[in-house]
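Q: Can you walk me through how to read helix packing, burial and empty space in a protein model?

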Amino acid sequence: MISAILDMLAYTSTSTFFTGRYFNHLGFQVCYVRNFTDVDDKIIARATELGEDPISLSRRYCEEFCQDMATLNCLPPTVEPKVSEHMPQIIDMIEKILNNGYAYVVEGDVYFNVEKFPEYGKLSSRDLEDNRAGERVAVDSRKKNPADFALWKSAKPGEPFWESPWGPGRPGWHIECSAMSATYLGYSFDIHGGGIDLVFPHHENEIAQSCAACKKSDISVWMHNGFVTIDSVKMSKSLGNFFTIRQVIDVYHPLALRYFLMSAHYRSPINYSNIQLESASDRVFYVYETLHECESFLNQHDQTNRKDSVPPDTLNIINKFHDVFLTSMSDDLHTPVVLAGMSDPLKSINDLLHTRKGKKQQFRIESLAALEKSIRDVLIVLGLMPASYSEVLQQLKEKALMRANLTEDEVLQKIEERAAARIQKEYAKSDAIRKDMAVLGITLMDSPNGTTWRPTIPLPLQEHQID
């Protein structure tokens with residue numbers, strides 16, 4: 001079994017893509033815990049500003065976050081605990097830490113004594129004297145050490161509180177996650193995830209307090225995702241340079257956004273830009289269009305007499321792609337390498353469908369079926385497999401029309417105007433129409449059966465990308 005926890009804050013709009021599907025693919029049973037901090041200083045301040053109950057506000061944002069994750073085709077967690085529902089477990093852990101001599105009480109507040117834990121700083125590679133109290137907590141002169149952090153905060157007027165052995169109050173930021181992970185996974189489990197900004201102080205403090213409560217506490221692997229950036233600056237609400245998931249998927253397909261996020265290694269920063277989203281959208285359209293054409297061809301041919309044989313060349317392409325998939329995913333989930341590795345089997349499908357040589361290949365149907373399955377299997381594991389190729393292609397076209405501020409009827413009218421111009425040998429006008437459409441992100445494609453269209457990267461963005 002693989003056991004894992006992901007720290008989430010109720011008011012965030014970004015997430016770590018935890019690839020539970022891959023562990024399932026390898027045969028592991030996954031217990032995935034995604035916890036929500038639904039009560040803290042910022043939530044209380046925001047709720048006060050809106051005149052809303054903090055727990056009610058948090059619940060609403062948690063529900064909206066879960067909707068966004070479902071839209072992005074993320075698997076739901078095994079369990080999704082909230083701080084407000086786990087006060088007994090949190091209080092119990094604080095009592096253990098106190099009883100073991102790692103914390104002290106000051107006027108209803110409980111602080112962790114970092115000097116009692118010699119290994120403090122081992123995750124972030126910080127020396128104790130270099131540490132600070134933490135971004136979320138003002139330095140308190142009552143602390144024995146400025147780096148000591150709150151396990152329990154005494155109640156303040158107008159704030160939600162719970163009864164405890166030290167008086168009414170609420171948990172500190174860090175203890176919540178340790179208590180909830182211990183409740184559902186025990187003190188030792190396989191993977192702990194979160195953003196790179198949580199390494200210190202949050203995850204550092206989690207290690208200290210969990211070990212203080214139970215000496216056998218141990219996390220096998222820490223996985224920290226990089227930031228989404230804009231112009232190399234971290235995307236954040238405080239800087240005002242952020243987009244919500246819903247704002248993005250209003251104009252781009254959710255699977256295009258998912259592909260974009262997987263196009264960089266999860267530990268690396270990824271720069272958000274229109275060209276990146278357009279490129280991702282263009283790429284997934286190509287992938288799904290190729291597989292749709294392959295599926296349609298196979299459905300038109302009798303497969304009852306299909307042989308088991310696949311030519312060595314095709315088998316080599318499939319095996320190479322499979323090896324790249326397993327090697328890269330097993331090496332710290334290197335999804336960009338897997339996505340790049342899809343190129344050869346996709347090209348092979350297109351060659352078999354459209355080139356003169358490919359159409360004459362022996363065991364053509366068998367090759368197409370095997371290639372399509374090899375790509376489909378990987379898309380399923382990556383969470384990129386649509387319910388229907390034709391449906392997702394139509395949705396991608398609709399998003400492209402929206403970005404171009406066009407209707408499909410208007411595009412078809414342009415196709416007719418261009419056809420008329422070509423008949424009249426007005427080639428300059430024909431080329432101008434094609435270029436006008438390309439500027440808007442619409443490619444006109446000629447074939448013996450007529451002219452069709454597909455989305456593409458708008459011409460100005462392509463030229464900017466080249467520059």
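**Helix packing, burial and empty space**

A: Let's start with two helices: α16 and α17 cross in a left-handed way. A crossing counts as left-handed if the near helix is turned anticlockwise from the far one by less than a right angle, and as right-handed if clockwise. Keep in mind that this is a predicted model, where local features need pLDDT of at least 70 and side-chain atom pairs count only at pLDDT 80 or more, while totals for chains, interfaces and linings use all residues. Residues are numbered from 1 along each chain as its sequence is written, and side-chain values use heavy atoms, with hydrogens and water left out.

Q: What angle do the axes of α16 and α17 make where they cross?

A: Axes are lines fitted to C-alpha atoms, for helices over the stretch in contact, with angles from 0 to 180 degrees between N-to-C directions. Here α16 (residues 408-423) and α17 (residues 427-439) cross at roughly 160°, and their axes come within 7 Å. That makes α16 roughly antiparallel to α17 (the cut-off is over 145 degrees). Helices are DSSP runs of H or I with at least four residues, strands are E runs of at least two, and both are numbered from the N terminus.

Q: Is helix α8 mostly covered or mostly open?

A: Buried means under 20% relative accessible area with a 1.4 Å probe, protein chains only. By that rule eight of the nine residues of α8 (254-262) are buried, including Arg258, Tyr259 and Phe260.

Q: How many cavities are there of 30 Å³ or more?

A: Rolling a probe the size of a water molecule over the atoms shows where empty space is left. On a 1 Å grid over the protein atoms alone, a cavity is a set of points where a 1.4 Å probe fits but cannot get out; lining residues have an atom within 4 Å of a point. The count is three cavities. The second largest has a volume of about 40 Å³, the volume being the space filled by probe spheres set on the points, which are joined across faces, edges and corners. Among its lining residues are Glu278, Asp282, Arg403 and Arg454. α9 gives the largest share of that lining, four residues.

Q: And which element gives the most to the lining of the second largest pocket?

A: A pocket is an open set with protein on both sides within 12 Å along at least five of seven lines. The second largest pocket holds about 550 Å³, and α9 gives the most to its lining, with six residues. Of the 21 lining residues, Glu289, Glu293, Met445, Thr452 and Trp453 lie nearest the centre.

Key. Buried means under 20% relative accessible area, exposed over 50%, partly exposed in between (1.4 Å probe, protein chains only). Angles under 35 degrees count as roughly parallel, over 145 as roughly antiparallel, 65 to 115 as roughly perpendicular and the rest as oblique.
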